[in-house]
Amino acid sequence: MKANIDKRTAKTALIGILTAQALAFSFLESMIPPIPGLPPGAKPGFSNIITMFAAENISLPCALGITAAKAIFAFITRGFSAALMSFCGGMLSTVVMYFLLRSKKSPFGFSGIGIICACAHNLGQLVAAAFLMGTAATFGYAPVMLVFAVITGLVTGSIFKILLPVLKKQKRFFLK
């Protein structure tokens, strides 16, 4: 019984650390000034590196929990609209990410998965924006967001590949 409690405690600690890392990335992203030509609030999505790790190496519920924590953080720091957009984009992206990362024959690689997930995230955000504004005109941003998703997804996937050994070492520290 003691070993099970210790393992659950270690997993909870790891999830807490991963959530803190995702929130730290999210906070750092909020300090990046707006990029001209992009919709307000467009960010690179570096916190998704942590979500990708959780989706691939722990579980879908863990990754969704980290995504929900990021949405709560967005609510606290930027309000309801930002939280709803973070939640909708993040949840859709995380589910897509989970299945792509767990696929045995995924032809995309980490950069391709990063791009697909960035597109899914943007789609979720556009749906949330359409709901908030009561108009489908928000989908007019889709072409610009697609270009941004390709760039940020490529960068995020590449950084994930570089950080993966460090994140796996961190996981082994907690879950021996």
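A helix here is a DSSP run of H or I spanning at least four residues, and a strand is a run of E spanning at least two. With that in hand, let us walk through this predicted model. The protein chain has 6 helices and 0 strands. Followed along the sequence, the chain reads α-α-α-α-α-α.

Let us begin with the overall form. The C-alpha atoms of the protein chain fill a box of roughly 55 × 35 × 25 Å along the principal axes. A compact globule with 176 residues would have a radius of gyration near 16 Å, and the protein chain, at 16 Å, agrees with that. Of the 176 residues, 40% count as buried. The contacts tell us about reach along the sequence: among those between residues at least 6 apart, 71% join residues at least 24 apart. As for the outside, the protein chain exposes about 9,600 Å², and carbon and sulfur atoms supply 73% of this area.

Now let us step inside, starting with helix H2, which covers residues 48-57. Is this helix enclosed by the rest of the structure or not? H2 is largely enclosed, because 9 of its 10 residues are buried. The buried ones are Asn48, Ile49, Ile50, Thr51, Met52, Phe53, Ala54, Ala55 and Asn57.

H2 also leads us to the largest nonpolar core. This core has 23 residues, and Leu18 and Ile66 touch the most other members. The elements that give two or more residues to the core are helix H1 (2-30), H2, helix H3 (60-78), helix H4 (80-102), helix H5 (109-133) and helix H6 (142-174). The largest share, 6 residues, comes from H2.

To see the core from one residue's point of view, try finding leucine 18 in the structure. Which residues is leucine 18 in contact with, leaving aside its neighbours within four places in sequence? They are Ile50, Phe53, Ile58, Ile66 and Gln170. Two of these names may be familiar: Ile50 and Phe53 are among the buried residues of H2.

Just past H2, we can stop at serine 59, which sits in the loop between H2 and H3. Serine 59 has a relative accessible area of 18%, so it counts as buried, since the cut-off for buried is under 20%. Apart from residues within four places in sequence, serine 59 is in contact with Ala54, Tyr98 and Arg102.

Further along the chain, in helix H5, we meet alanine 118. With a relative accessible area of 14%, alanine 118 is buried as well. Not counting residues up to four places away in sequence, alanine 118 touches Ala149, Thr152 and Gly153. For a sense of distance, take alanine 118 together with proline 36: they are 82 residues apart in sequence and 19 Å apart in space, C-alpha to C-alpha.

Finally, let us come back out to the surface. Ile72, Phe75, Ile76, Phe80, Phe131, Leu132 and Met133 make a nonpolar surface patch of about 820 Å². H3 and H5 are the elements that give two or more residues to this patch. One of its members, isoleucine 72, lies in helix H3. Is isoleucine 72 buried or exposed? Its relative accessibility is 52%, so isoleucine 72 counts as exposed, as the cut-off for exposed is over 50%. H3 therefore appears in both parts of our tour, giving residues to the nonpolar core and to the nonpolar surface patch.

Technical notes:
Residues are numbered from 1 along each chain as its sequence is written. This is a predicted model: local features need pLDDT of at least 70, side-chain atom pairs count only at pLDDT 80 or more; totals for chains, interfaces and linings use all residues. Side-chain values use heavy atoms; hydrogens and water are left out. Buried means under 20% relative accessible area, exposed over 50%, partly exposed in between (1.4 Å probe, protein chains only). A nonpolar core is a set of buried Ala, Val, Leu, Ile, Met, Phe, Trp, Tyr and Cys residues joined through side-chain atoms within 4.5 Å. Contact means heavy atoms within 4.5 Å. Patches are made of residues with over 30% relative accessible area and no salt bridge: like charges are joined within 9 Å, nonpolar side chains (Val, Leu, Ile, Met, Phe, Trp, Tyr) within 5 Å. Accessible areas come from the Shrake-Rupley method with a 1.4 Å probe; for residues, only the protein chains shown count as cover. A salt bridge is a side-chain nitrogen of Lys or Arg within 4 Å of a carboxyl oxygen of Asp or Glu. The radius of gyration is taken over C-alpha atoms; the globule rule is 2.2 Å times the number of residues to the power 0.38.
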